[in-house]
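I opened my notebook to record what I could look up in the structure, going from one part to the next. Here is the entry I started from.

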Amino acid sequence: MKDIAIRIVNIALVVVTVFLTLMSGVLLYYKTIGKDKVPSAITSTYATTVEDPQTGEQLPTIEANYYSNRNDNGYEVIELLFNCYSGISKQAIYSRGFQLVINEDGTKLYQYNRYDGVNFETGHEYEWGDIMVIDINGTTYGVALDGTYTVTTKNFNLGKAIWHTISGLFTGWNYEENAYNYDTKTYEYTFEDLLIKAGQILKSSSNGTGDSVISLVDLGDFLHIYEIDENGQVSGEPVGNRTLTNSYFTMQTHYDNRGMVWAKQSMFGSVAGDSQFNISGIADNVDYWKVTSEVRLTEQDFVARYLTSENGYYYALSTEKINELKNFENIEINIDFNISNFEEVNVLGLDYYALYGLKINSLTISSTTQRDFKLLVGSLKDTGLTSIETNNVNLVNINSGVSV
Amino acid sequence: MKWYWYLICAVLIVVGIFSSIELVEMFNVSSKEYGTAITIETKNNYDEIAKYDFGTIGLDSEDYITFSNVTTFAPMEFDGENKDYILLFNDQPAVNTVVTNGKVVGDVNLVFYGLDGEVVSKAELNFVIEYFASQTKVTTTITNNNDSVSYLETYMGINGALLKVVERSSL
């Protein structure tokens, strides 16, 4: 009876062993020659924007600036700025900046921080694997430069060459492939590598020179996203571990054919750690706080509507013109409406919603003879005007949207 | 069975268990997405038909009042007969752009402000682009008032000088 029991146990043991050995064999197969039959999954992270908690403004996760020095008049400079948070409580945007300066002295990386509009060389240099805090759809994550790459070197081995030459006579083995030792080493990507890649992305972008936004830049080889719990503990593995990971970022870019010659061209206001850097030849004797573009409109830019009952014309900017002007930021619109330039036309005033919603810097209405000028309902609504300059004109305000 | 067969079985079972776990993990992967693909709306994403990147425009003058620059570019086909265009200088519009068959003319007026919000200078730039069969000629002219040329040079030193011809319908 005992023998039967032992025999049953032994048979069960052999069956289990055979089954599990088969499993080991299957695994070995999928790890070697059946590699391409293993199902793969793709993890995609979209770290597109971060919200400034102090202003509510949506910022692109990455800003990039590349002065390619194609015209060889300055330094080749690549800059990257990560708009990230000061900590996991996400109280403030505390951006981390990287600047690669390439000149006759070689290539050197500088690191900056930006807080509240001030840029300065950082007291904490970021290294491979350091976490920067970002936000994805309201959840806190960390982003780190922690990508690696492998390089395989091929070295001739005399012993293997002799052996494979002899054995190749019988087996047909490829001498060329088998006479070498292959040595594969893994390296960590550096911030220099990342900046050079960013420069290449800007250089190859069909947007060309100037300012633009590239919405989905996949930096999955370099950057990975980590989950951070409420205690600030960073998960040991990046999201999408064991799968192909796409790490998409929104990149606001500036690409320039010029070389960087002036600290004012840098997004950090500093080149190679020098905020006074200037090899531009431009005397730094004039400076300004900001610049805008002035758009001057006259009565000729308005379209007229004839009103039979009053036997005259009301004027408005066309919807197309208003929409066109709304496309531009940083412009100031000054309107000089001279009634006397309309000869033999009875000008009555501004039409309903004549300038509706268009931000106007100044409006002057003038005439060579004294006359009334009506401002119909909504004609100046949401224009931001607080006063209207007149010359020989008596304004008749009919709920125009502005108190004059 | 001899004792060493039990040992071999034990080793194979342990290896087999780990292999099975790895196989299950290997075939249970699934794709995941974190976040959403958002496109940031940009206002300067125009349908430009030509782009002239000067870097900076070198301005010369004989009388130190009118400064100008003439730069030639490769010829290109231009249809000013059937389409309307607007000039943009560093994405600032020349709203009064006038287009004829082979010519585009427009003014961009830059206003420079000082630290107290006062206007310190104005630079009124006139651009003429002429599309000849053999070349494209871009002429830039500015009248120097209140150091406007110096302010413009400072501005271009920082921002560059990128002139675009954009179809009005794409705005």
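How far apart do the C-alpha centres of domain 1 of chain A and domain 3 of chain A lie? I found that these two centres lie 46 Å apart. The domain bounds, which come from an automatic or database domain assignment, give chain A domain 1 (43-147 + 189-265), domain 2 (153-184) and domain 3 (293-397).

Before going on, I noted that this is a predicted model, in which local features need pLDDT of at least 70 and side-chain atom pairs count only at pLDDT 80 or more, while totals for chains, interfaces and linings use all residues. Residues are numbered from 1 along each chain as its sequence is written, and chains are lettered from A and ligands numbered from 1 in the order in which they are written.

**Chain B as a whole**

I counted elements next, taking helices (H or I, at least four residues) and strands (E, at least two) as DSSP runs numbered from the N terminus. Chain B has two helices and 10 strands, and from the N terminus on they run α-β-β-β-β-β-β-β-β-β-α-β. The radius of gyration of chain B, taken over C-alpha atoms, is 32 Å, well over the 16 Å that the globule rule (2.2 Å times the number of residues to the power 0.38) gives for 171 residues, so chain B is more spread out than a compact globule. Along the principal axes, the C-alpha atoms of chain B fill a box of roughly 110 × 45 × 25 Å. I also noted that 32% of the 171 residues of chain B count as buried, meaning that 20 or more other C-beta atoms, placed from the backbone, lie within 10 Å of the residue's own.

**A sheet in chain B**

I then followed an open sheet of four strands in chain B, which has the order β2-β10-β4-β5 with antiparallel pairing; two strands pair if DSSP finds at least two bridges between them. Because β2 (48-53) and β5 (92-94) of chain B stand at the edges with a single partner strand each, one side of each is left without a neighbour in the sheet. Strand β4 (residues 85-89) of chain B pairs with β5(B) over three antiparallel bridges, and F89(B) has Q92(B) in β5(B) as its bridge partner.

**Hairpins in chain A**

In chain A, I traced strand β6 (residues 95-103) and strand β7 (residues 106-115), which pair in the antiparallel sense over nine bridges and form a hairpin with two residues between them. The bridge partner of G97(A) in β7(A) is Y112(A). β7(A) also pairs in the antiparallel sense with strand β8 (residues 118-121) of chain A, over four bridges, and here R114(A) stands opposite N119(A). The hairpin of β7(A) and β8(A) has two residues between the strands, and in it D116(A) takes a positive phi near 55°.

**Where the chains meet**

Which element gives the largest share of the side of chain A that touches chain B? I first noted that 68 residues of chain A are in contact with 55 residues of chain B, where contact means C-beta atoms, placed from the backbone, within 7 Å. The largest share of that side of chain A, 11 residues, comes from α1(A). Pairing also crosses between the chains, since I found β16(A) and strand β7 (residues 103-113) of chain B joined in the antiparallel sense over five bridges, with E294(A) opposite N109(B).

Terms used:
A residue is buried if 20 or more other C-beta atoms lie within 10 Å of its own, exposed if 12 or fewer, and partly exposed in between; C-beta atoms are placed from the backbone. Two residues are in contact if their C-beta atoms, placed from the backbone, lie within 7 Å.
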